[in-house]
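Trainee: Could you show me how to read the empty and filled spaces in a protein model?
Mentor: Gladly, let's look at it together.

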Amino acid sequence: MQQMWTDIDAYIDSHLIPEDPILTQTLKHTDERGFPDHLAVAANQGMLLQMLIQMNKCKRVLELGTFAAYSTMWLARALPDDGYILTIEGRDTHAALGQENIDNAKLPQKIDLKCGRAADILRALPENTEPFDFIFVDADKQSYPEYLELSLDLSHSGTVIVLDNVIRAGDILNPENHKPSIEGIRDMFIAMQNNPRILSCTALQTVGCKGHDGFALAIVK
Ligand SMILES: C[S@@+](CC[C@H](N)C(=O)[O-])C[C@H]1O[C@@H](n2cnc3c(N)ncnc32)[C@H](O)[C@@H]1O
């Protein structure tokens with residue numbers, strides 16, 4: 001099945017995802033520096049993030065888990081020139097690569113990459129930090145329940161929160177799997193369920209070049 005999913009993603013991309021030199025350059029530079037590209041979102045997923053931002057006319061975006069800043073580029077592409085992204089990456093080598101890709105892209109939007117544990121950085125933000133319009137969570141999965149709560153604290157009514165990789169090829173249903181990442185995702189589902197701060201939420205399974213996974217979406221009340 002994997003080959004067919006990959007071929008279908010290629011078909012979708014060839015029809016619906018326009019060539020963007022900045023995105024292509026980001027992947028090329030990441031590969032040249034010897035980093036695997038499987039951590040990054042697929043192009044058609046990046047486009048979905050872009051569309052959610054465009055739909056809501058967002059200007060301030062928060063991203064947890066930058067890696068090489070490929071998803072960051074998709075987020076930035078959706079923003080007006082005076083848009084702002086705070087993106088947080090925990091690993092020094094990834095943050096350095098992400099910063100290189102951001103610098104090379106020379107985008108008009110302000111992209112602030114901070115290196116450190118996402119939860120610590122979010123807790124250290126000044127009290128008067130303006131809420132974000134769109135939040136993309138793509139860092140360590142065991143912290144997803146914590147990231148959901150911190151994201152809600154940094155939201156306004158109508159903020160859209162997207163959490164990536166919440167299906168893990170069905171591992172969330174395997175009762176013998178107690179990895180912290182899987183337990184973190186299960187706890188995130190429980191935290192989302194009937195959450196008084198969430199207007200509506202769902203999760204979608206996806207298949208494609210990145211395998212079988214999915215994302216959860218919430219709109220803040
Ligand atoms: C799946 S990758 C992000 C991919 C990126 N969003 C993209 O689609 O191009 C997850 C990243 O989260 C980072 N990460 C893991 N734990 C973290 C933490 N506690 N705080 C911040 N970043 C973390 C990893 O180092 C890795 O670079």
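Trainee: Where should I begin, and which element gives the largest share of the lining of the largest cavity?
Mentor: Keep in mind that this is a predicted model. As a general idea, rolling a probe the size of a water molecule over the atoms shows where empty space is left. Here, helix 3 gives the largest share of the lining of the largest cavity, with 3 residues. Helix 3 (43-55) and strand 5 (155-164) each contribute at least two lining residues.

Trainee: How many cavities of 30 Å³ or more does the search find?
Mentor: The search of the whole structure turns up 1, and the largest cavity holds about 60 Å³ of space. Its lining includes Val-41, Gln-45, Leu-48, Leu-49 and Phe-136, and also Val-162, Asp-164 and Phe-215. By class, that lining has 6 nonpolar residues, 1 polar and 1 charged.

Trainee: And what takes up the space of the largest pocket?
Mentor: The ligand does. There are 21 residues around the ligand, and Gly-65, Ser-71, Glu-89, His-94 and Asp-138 come nearest. That shell divides into 9 nonpolar, 6 polar and 6 charged residues.

Trainee: Which polar side-chain atom lies 3.0 Å from a nitrogen atom of the ligand?
Mentor: One belonging to Asp-140. An N or O atom in the side chain of Asp-138 is 2.8 Å from a ligand nitrogen, while for Gly-90 a polar backbone atom is 2.9 Å from a nitrogen of the ligand. Taken alone, the ligand exposes 600 Å², and the protein buries 88% of that.

Terms used
Residues numbered from 1 in each chain as written. Predicted model: local features only at pLDDT ≥ 70, side-chain atom pairs only at ≥ 80, totals over all residues. Heavy atoms only, no water. 1 Å grid on protein atoms, 1.4 Å probe; cavity = no way out; pocket = protein on both sides within 12 Å on 5 of 7 lines; lining within 4 Å. Points joined across faces, edges and corners; volume = space filled by probe spheres on them. Helix = DSSP H or I, 4+ residues; strand = E, 2+ residues; numbered from the N terminus. Nonpolar A, V, L, I, M, F, W, Y, C, P; charged D, E, K, R; others polar. Near = heavy atom within 4 Å. Polar contact = N/O pair within 3.5 Å; in protein donor to acceptor, adjacent residues only side chain to side chain. Areas by Shrake-Rupley, 256 points an atom, 1.4 Å probe, with all protein chains shown as cover. Sits in = over half its atoms within 2 Å of the grid points.
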